[in-house]
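Open the model in your viewer and keep the selection panel at hand. This tour goes stop by stop.

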Amino acid sequence: MTSQVSSPAEHADEADNTAEALVGGQRSSAAPTGEVTKEVRRLDRVVIRFAGDSGDGMQLTGDRFTSETASLGNDLSTLPNFPAEIRAPAGTLPGVSSFQLHFADHDILTPGDAPNVLVAMNPAALKANLADVPLGGEIIVNTDEFAKRAMAKVGYATSPLDDGTLEGYRVHPVPLTSLTIEALKDFGLSRKEAERSKNMFALGLLSWMYHRPTEGTEAFLRSKFAKKPQIAEANIAAFRAGWNFGETTEDFAVSYEIAPATSAFTPGTYRNMSGNLALSLGLIAASQQADLPLYLGSYPITPASDILHELSKHKNFGVRTFQAEDEIAGIGAALGAAFGGQLAVTTTSGPGVALKSETIGLAVSLELPLLIVDIQRGGPSTGLPTKTEQADLLQAMYGRNGEAPVPIVAPKTPGDCFNAALDAARIALTYRTPVFLLSDGYLANGSEPWRIPDLTELPDLRVQFTTTTNHTLADGTEVFWPYKRDPHTLARPWAVPGTPGLEHRIGGIEKQDGTGNISYDPANHEHMVRTRQAKIDHITVPDLTVDDPHHAHTLVLGWGSTYGPITAAVRRLRAEGHPIAQAHLTHLNPFPTNLKTILDHYQHTVIPEMNLGQLATLIRARYLTPAHSHTQVNGMPFKAEQLAAALKEHIHD
């Protein structure tokens with residue numbers, strides 16, 4: 001879905017408290033003739049969490065609500081959270097799947113610290129998420145699922161609906177399952193088949209409650225179930241029944257409006273964009289701008305597999321995808337494609353990087369462009385496949401034998417994954433080097449409004465293959481030297497195999513600089529090691545910018561997906577009158593050239609990370625800066641309120 005925005009950009013403070021202003025109380029367009037219209041209240045933002053079994057369709061429900069929200073022009077941020085098992089045990093706490101959406105009439109940066117509204121499809125969903133809901137929050141409970149056996153499975157000795165557990169919350173008991181079955185009684189479906197549509201009933205109810213459009217969801221359902229029209233119409237009927245239930249029941253006396261966030265966006269056409277989709281489109285754009293075919297050699301792994309799925313749809317752009325038998329074969333094929341003159345990519349997560357490390361080292365030795373996309377997840381080993389973490393930074397930096405430097409680029413938001421893909425391709429193609437692109441599960445699965453760029457805004461990434469000899473021997477013979485370097489970038493020539501007269505040897509054994517012949521000479525090896533390092537050290541990256549309106553003494557420095565929570569926390573602190581500066585790194589190898597000057601300017605530096613302090617380790621070692629590390633490794637992104645409290649301890653006015 002796309003939406004047009006034509007107003008100038010402004011930035012509202014995310015720390016503002018949610019405002020509830022009574023609006024009119026009339027909504028004649030939605031109320032049936034002869035009935036009393038319901039009260040409509042206007043909110044500036046809301047956080048909703050859908051929660052149920054992993055088979056209840058919570059991710060689909062959240063995706064559809066998000067798409068309709070994006071089409072209305074709200075700013076938004078999402079947090080899908082689901083178990084690693086394909087079908088986790090039903091009704092259990094480990095099997096709970098949830099989808100959280102934060103949407104607002106102003107600029108926001110995170111999916112929200114806590115839900116204002118929880119939709120709990122069963123006792124497990126309620127118990128797993130209740131602690132996150134603040135007192136006074138709304139809870140919509142599917143009462144049909146609160147049988148003794150289901151409650152006992154998650155440790156409820158008595159019903160939380162009756163024993164006072166939910167005192168202090170605004171509870172809406174709704175028999176979602178039985179209402180759905182009743183709505184679909186004329187479709188000839190079995191009870192089990194009809195029950196599957198209860199997520200659409202819940203979606204319809206929430207769509208009424210927050211004035212979301214319905215046409216897009218109905219069109220989506222007809223498209224998704226085009227080969228099963230009866231199922232499509234049944235889901236649409238359940239969706240409409242949920243909407244009508246909200247409109248007619250006395251339990252829901254109020255609905256809410258959140259105005260479009262017209263002041264949050266620069267003019268343009270926007271669409272809802274997840275990180276993995278943005279990264280995929282960025283890779284396609286890079287191949288088009290480089291005028292090179294795109295080749296992906298990959299082995300499926302969570303949370304990177306969506307990139308393989310997406311790129312496989314775009315053969316019309318010259319994209320070739322190869323699903324290999326394992327991680328090593330995937331990167332080996334990609335490196336071969338790079339040798340053959342294509343824009344080569346391999347996608348993986350932390351465990352796959354470990355397996356690919358030898359071939360990454362080979363790419364360093366061959367000095368060929370290769371993009372290694374690491375969608376980080378919780379580790380070590382198999383770890384937490386569906387949870388987020390930033391713990392692969394040191395692996396990307398040093399996880400190879402020998403001195404094998406590789407540039408590192410890290411996007412900061414889901415939409416920024418598009419830009420990071422373009423920049424990683426620029427570095428790889430310009431400097432003939434493998435490049436790490438470090439995203440993570442939070443960015444990969446989360447989404448936000450993204451402005452579709454004009455093609456004129458995209459960089460020119462075209463490269464020139466070497467097609468003629470490039471060196472003259474003492475006797476006047478014209479030859480090709482595969483390691484004769486560009487004096488500015490230190491990149492070696494890129495000669496496509498089959499070019500007449502440019503045959504040359506490649507391989508992992510050390511090469512003589514210039515000729516490319518195998519060399520065991522100690523002096524040559526030292527020269528090549530230092531030259532490869534110098535090539536990376538001198539890559540051109542933008543200077544780091546600092547946001548410091550109050551001339552603070554404390555700097556908070558982040559990288560990657562911590563951008564949203566850090567910025568939200570900084571806004572909270574500034575709203576309280578605390579001066580604090582903020583800077584965020586996208587390029588982690590090499591660092592921006594002005595980073596040392598920035599660090600030296602501040603008395604205190606705090607580095608929040610979703611690891612045990614890997615960037616802080618690099619900063620301390622490189623710049624001898626006594627950086628303070630604030631870390632979290634629980635598989636979830638930072639919460640802005642908690643982060644603000646931690647940063648406050650380091651502020652010195």
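Which residue in S6 does Pro-80 stand opposite? Select Pro-80 and look across to S6: the residue there is Phe-99. Keep in mind that this is a predicted model.

**Stop 1: the strands around Pro-80**

Now select S5 and strand S6, residues 96-104. The two strands pair in the antiparallel sense, over 7 bridges. Widen the selection to the whole sheet. It is an open sheet of 6 strands, in the order S5-S6-S4-S7-S8-S9. The pairing is mixed. Go to the edges next. S5 is one edge strand, and strand S9 (170-174) is the other. Each of them pairs on one side only. Look along the sheet for its twist, which averages 15° from one strand to the next.

Add helix H1, residues 58-71. Helix H1 lies across strand S4 (45-53), S5 and S6. Its direction runs at about 10° to S6.

**Stop 2: the largest cavity**

Stay with Pro-80, and select Leu-79, Thr-386, Thr-388 and Tyr-442 as well. Of the 14 residues that line the largest cavity, these five lie nearest its centre. The volume of this cavity is about 110 Å³. The structure holds 4 cavities of 30 Å³ or more.

Which elements each supply at least two residues of this lining? Select strand S5 (75-81) and helix H15 (441-445): both do. Colour the lining by residue type. You should find 6 nonpolar residues, 7 polar and 1 charged.

**Stop 3: another sheet**

Move along the chain to strand S22, residues 554-559, and strand S25, residues 604-609. This pair runs in the parallel sense, over 3 bridges. Pick out Leu-555: Thr-605 in S25 stands opposite.

Now show the sheet around them. Here 5 strands form an open sheet, again with mixed pairing. The order is S21-S23-S22-S25-S26. At the edges are strand S21 (546-547) and strand S26 (628-631), each pairing on one side only.

**Stop 4: two helices on this sheet**

Select helix H17, residues 563-575. Helix H17 packs on the sheet and touches S21, S22, strand S23 (581-585) and S25. Compare its direction with that of S23: the angle is about 175°.

Finish with helix H19, residues 614-623. Which strands does helix H19 lie across? They are S22, S23, S25 and S26. Against S25, helix H19 runs at about 145°.

How values were computed. Residues numbered from 1 in each chain as written. Predicted model: local features only at pLDDT ≥ 70, side-chain atom pairs only at ≥ 80, totals over all residues. Heavy atoms only, no water. 1 Å grid on protein atoms, 1.4 Å probe; cavity = no way out; pocket = protein on both sides within 12 Å on 5 of 7 lines; lining within 4 Å. Points joined across faces, edges and corners; volume = space filled by probe spheres on them. Helix = DSSP H or I, 4+ residues; strand = E, 2+ residues; numbered from the N terminus. Nonpolar A, V, L, I, M, F, W, Y, C, P; charged D, E, K, R; others polar. Pairing = 2+ DSSP bridges. Contact = heavy atoms within 4.5 Å. Axes fitted to C-alpha atoms, helices over the stretch in contact; angles between N-to-C directions.
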